[in-house]
Each structure stands twice: as C-alpha cells, then as structure tokens.
Amino acid sequence: LTMFAGDASGGAFLYVGDGGEERPVVYAGSEGSGGLIAIGVREALATVVHLPSLNDALAAPLGDGSGLRDLLERAEQEIREYRPDVADQRARVAAALDLPPAAGLLERLHAAAVDETYIVVSDRDDRYDPLPVWLR
C-alpha cells in the first residue's frame, strides 16, 4: 500500500500494488475500517469530489438509492451552510481534472466496497474492518 492522500477525519487513501494511476485505491479510516473504493485515482477523486461524504455514502444500503440519496442530500445541505459555493467548486474541480461524471458513482462505490479481495492491513498487521460493515 502506498498512501497518496488523506482526509480531515484522519483517514488515508492508498494505492494497492505497483504501477500507474489505474491501480486499485483503498480507503483506510481512522476508526479501523477500510476497503476498496475505486479502481484508479480518477475514479477515487470523482468519489471524493462528487459525493459530500465517503462515510455517509457507505452509511446505508444502496437499495433503490432513494434513501441513501436523501441522506447524502442532507449531508450536502449541512456543507452548504458553511460553504454555499461548494457545488460550483466541485464542478470546477471535476472539469479541471476531467473526472468521470457523478452518474452511477454511488453504485460503483458500493460495488467496490463489497469486494473482499482488498482487505486493509496496517503495517503492524492489524486487520481493518471491511467497508461497509452493514453489507457483511
């Protein structure tokens, strides 16, 4: 694992294996859970840019998507209270980096998160809980 980014909650984004930017990307949370979130850095960046919160995006089953999308909309509204221009900022970043569109992103994230091929293990051999636990 090679860390290439972190988040405000103390989590880390890590490449798996050797190679270029299209390697699998795992997230290791500060609370001991982690797993695959994307194949490739562009997909991982799209996840971070387009979704208000990775943790909220994995907080409930996808189902038909409506309940989870409502949860994410509430998270987005909270962010807008402090950053009213967040949607414009996200759009500028997505365009500047030519990121994949938001359509289907939540479904791809959930499909990645249940892939048990990518279990995060710390440098002290501590095994992280899978992302998301409710799917197991």
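Start by selecting E73, E76, R80 and R90: in this predicted model, a network of salt bridges links these four residues. Now keep just E76 and R90 on screen. Their side chains meet in a salt bridge, with 2.5 Å from N to O. E76 belongs to helix α3 and R90 to helix α4, and the pair connects distant parts of the chain, 14 residues apart. Are E76 and R90 buried or exposed? Switch on a surface and look: both E76 and R90 are buried. As background for this part of the tour, side chains of opposite charge can pair when their charged atoms come close.

**Next stop: the other salt bridges**

How many salt bridges does the structure hold? The count is 7, and two further ones are worth a visit here.

Select E43 and R108. These side chains also form a salt bridge, at 2.6 Å from N to O. E43 sits in helix α1 and R108 in helix α5 (residues 105-113), so this pair ties together parts of the chain that are 65 residues apart in sequence. Colour the two by accessibility if you like: E43 is buried, at a relative accessible area of 15%, while R108 counts as partly exposed at 33%.

Stay with helix α5 and select E107 together with R69. The closest N and O atoms of this salt bridge are 2.9 Å apart. Because R69 lies in helix α3 (residues 66-82) and E107 in helix α5, the pair ties together parts 38 residues apart in sequence. R69 has 39% relative accessibility and counts as partly exposed; E107, at 33%, is partly exposed too.

**Helix against helix: α1 and α4**

Show helix α1 (residues 41-50) and helix α4 (residues 86-97) as cartoons. They pack at an angle of about 165 degrees, and their axes are 10 Å apart. An angle over 145 degrees counts as roughly antiparallel, and α1 and α4 are therefore roughly antiparallel to each other. The crossing of α1 past α4 is left-handed. Which residues make the contact? Add sticks for R42, L45, V49 and H50 on α1, then for R90, V93, A94 and L97 on α4. You have met R90 before, as a member of the salt-bridge network. Sorted by class, this contact of α1 with α4 comprises 5 nonpolar, 1 polar and 2 charged residues.

**On to the strand: S33**

Where is S33? Go to strand β4 (residues 33-39), and you will find S33 there. S33 counts as partly exposed, with 23% relative accessibility. Leaving aside residues up to four places away in sequence, S33 touches Y27, A28, Y128, D129, P130 and L131. Now place a distance label between the C-alpha atoms of S33 and R127: these residues are 94 apart along the chain, yet the atoms are separated by 8.7 Å.

**Last stop: two aspartates with positive phi**

Select D98, in the loop between α4 and α5. Although D98 is not a glycine, its phi is positive, at about 50 degrees. D98 is exposed, with a relative accessible area of 55%.

Then move to D125, which you will find in the loop between α5 and β5 (129-130). What is the phi of D125? The value is about 65 degrees, positive although D125 is not a glycine. D125 is exposed as well, with a relative accessible area of 66%.

Key:
Residues are numbered from 1 along each chain as its sequence is written. This is a predicted model: local features need pLDDT of at least 70, side-chain atom pairs count only at pLDDT 80 or more; totals for chains, interfaces and linings use all residues. Side-chain values use heavy atoms; hydrogens and water are left out. Axes are lines fitted to C-alpha atoms, for helices over the stretch in contact, and angles run from 0 to 180 degrees between N-to-C directions. Helices (H or I, at least four residues) and strands (E, at least two) are DSSP runs, numbered from the N terminus. Angles under 35 degrees count as roughly parallel, over 145 as roughly antiparallel, 65 to 115 as roughly perpendicular and the rest as oblique. A crossing is left-handed if the near helix is turned anticlockwise from the far one by less than a right angle, and right-handed if clockwise. Contact means heavy atoms within 4.5 Å. Ala, Val, Leu, Ile, Met, Phe, Trp, Tyr, Cys and Pro count as nonpolar, Asp, Glu, Lys and Arg as charged, and the others, Gly among them, as polar. Buried means under 20% relative accessible area, exposed over 50%, partly exposed in between (1.4 Å probe, protein chains only).
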